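Q: I am new to this structure and would be grateful for a close look at its salt bridges. Please then set them beside the strands and helices around them, in one connected account.

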Amino acid sequence: MAARKIKNGVDWVGAIDWDRRLFDELIPLPDGTSYNAYLVRGRDRTALLDTVDPTRAADLFENLKELGTEKIDYVIAHHAEQDHSGSLPAILALHPQAKVVTNPKCQEILETHLLIPPEKFLTIGDREILDLGGKTVEFIFAPWVHWPDTMFSYLREDNILFTCDFLGSHLATSDLYVRDESAVYHSAKRYFAEIMMPFRANIRNHLEKIKDLRIDVVAPSHGPLYDRPAFIIEAYKDWVSDQVRNEVVLAFVSMHGSVRRMADYLTDVLIKKGVKVRSYNLTRTDVGELAMALVDAATVVIGSPTVLAGAHPAAVYAAYLANALRPKTKFVSLIGSYGWGGKMPEAIRGLITSLDAKFLDPVVIRGYPRPQDYAALDRLAEDIRSAHLSVGAI
Ligand code: FEO
């Protein structure tokens, strides 16, 4: 990969990771990702904005070499997670005079996780500036994009906002700027769902904090840059709002066909009632897709058989995930089946206590559904439709 010019004295020097398929050993990356690092060269000083994942350090070094970078004075660390900071020790070894410029929380994490000694840091405060000579970098603290340390930086002369994970997307593409908005919307929403959704209130504050800046380019740390920033900023405003859609996320698993039949029947009835359904068979589902569906849906229904007196592990995982991601979902319910007893409903309910959602009467049956069970599913579908009406989703 070659360095790419953004403005005079501002270049992209990161790495595109086309092959990566798993992040943090947790999050699937169906479309790869990129680690965006930027070199800003002022009249007097040069700053590197973040590094790259340590597995791709060679790309960063090659790009810096291509630009003839002899001296780096500052490495600005927006966030200590290693996809951005992991090549910092190697950069500091090559440029021993360089100072790591960051906020106190990020410094603390870099000291504890990368063992960078305290004397290497230049600690800055919110809204402080770093003058490179004709290039002025202003720091904007934005904790809890998903870690407590994140900050943005704003390059005043060029109206570029470097946003780290915020507004980014896990998407490997040769487009420097967003050109396929629907593809980027999908990747950015998925990324928001996976790591930022639990911090919606913080994200709202960050949007507020940048609203008066003139921004010509948003330069995130993953995925393409935005030269029409309104596209992604408006999308974020929608995702962090309290407005839910007339949608049900139905996440189920079935061992012998009973729950499958219930899920299919409920789906059909909801569709007839004008409620959109996103149905996920948990044995096949990509958890990123499921997380993304949770961003807007008014209702989540979990479906599980009874296994060893409790819930199926796949349903446990889905419930745990929904609880951890804390979507704005307003209603939850449960469908399920048992053979001879057990406490599956209690097991699932005990896992979703962090959701600020009303629990609609579940439908839990013995064996394969019979007429009275279909009638109960009809009632659940009607409860869901009424609930959606009550919150203005219909
Ligand atoms: Fe892309 Fe939170 O690191």
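**Salt bridges and their setting**

A: Arg-278 and Glu-247 meet through their side chains in a salt bridge, at 3.1 Å from N to O. The pair links distant parts of the chain, since Arg-278 belongs to strand 18 (residues 276-281) and Glu-247 to strand 17 (residues 245-252), 31 residues apart. The model is a predicted one. Glu-247 is buried, with a relative accessible area of 5%, whereas Arg-278 counts as partly exposed at 29%. The cut-off for buried is under 20% relative accessible area, and partly exposed lies between that value and 50%.

In total, the structure holds 28 salt bridges. Another of them joins Glu-138 to Arg-127, with the closest N and O atoms 3.0 Å apart. Glu-138 lies in strand 13 (residues 136-141) and Arg-127 in the loop between strand 11 and strand 12, so this pair ties together parts that are 11 residues apart in sequence. Here Glu-138 is buried, with a relative accessible area of 8%, and Arg-127 is partly exposed at 36%. A further salt bridge joins the side chains of Glu-208 and Lys-211, at 3.1 Å from N to O; Glu-208 counts as partly exposed, with 49% relative accessibility. Salt bridges also link Lys-189, Asp-238, Arg-245 and Asp-296 in a network.

The strand that holds Glu-138 leads on to the sheets. Strand 13 takes part in an open sheet of 5 strands, ordered 12-13-14-15-16, with mixed pairing. At its edges stand strand 12 (129-131) and strand 16 (217-220), each with a single partner strand, so one side of each has no neighbour in the sheet. From one strand to the next, the twist averages 20°. Within this sheet, strand 14 (residues 151-155) and strand 15 (residues 160-164) pair in the antiparallel sense over 3 bridges, and Tyr-154 has Leu-161 of strand 15 as its bridge partner.

Strand 11, at one end of the loop that carries Arg-127, belongs to an open sheet of 7 strands in the order 1-2-7-8-9-10-11, again with mixed pairing. Strand 1 (4-7) and strand 11 (121-123) stand at the edges with a single partner strand each, so each has one side without a neighbour in the sheet. The twist averages 25° from one strand to the next. Strand 10 (residues 99-102) runs parallel to strand 11 and is joined to it by 3 bridges, with Val-100 opposite Phe-121. Helix 4 (residues 104-113) packs on the sheet, touching strand 10 and strand 11, and its direction makes about 155° with that of strand 11.

Helix 1 (residues 57-66) has as its buried residues Ala-57, Asp-59, Leu-60, Asn-63 and Leu-64. Seen down the helix axis, they fall within an arc of 160°, so they line one face of helix 1. Ala-58 and Lys-65 are exposed on the other side. The cover over the buried residues includes strand 2 (10-12), strand 7 (38-41), strand 8 (46-49) and helix 3 (88-94). In the loop between strand 8 and helix 1 lies Thr-55, which is exposed at 62% relative accessible area. Its side chain makes a polar contact with that of Asp-53, at 2.6 Å.

How values were computed: Residues are numbered from 1 along each chain as its sequence is written. This is a predicted model: local features need pLDDT of at least 70, side-chain atom pairs count only at pLDDT 80 or more; totals for chains, interfaces and linings use all residues. Side-chain values use heavy atoms; hydrogens and water are left out. Buried means under 20% relative accessible area, exposed over 50%, partly exposed in between (1.4 Å probe, protein chains only). Helices (H or I, at least four residues) and strands (E, at least two) are DSSP runs, numbered from the N terminus. The arc is that of the directions from the helix axis to the C-beta atoms. Contact means heavy atoms within 4.5 Å. Two strands pair if DSSP finds at least two bridges between them. Axes are lines fitted to C-alpha atoms, for helices over the stretch in contact, and angles run from 0 to 180 degrees between N-to-C directions. A polar contact is a pair of N or O atoms within 3.5 Å; within protein, one must be able to donate a hydrogen and the other to accept it, and residues adjacent in sequence count only if both atoms are side-chain atoms. A salt bridge is a side-chain nitrogen of Lys or Arg within 4 Å of a carboxyl oxygen of Asp or Glu.
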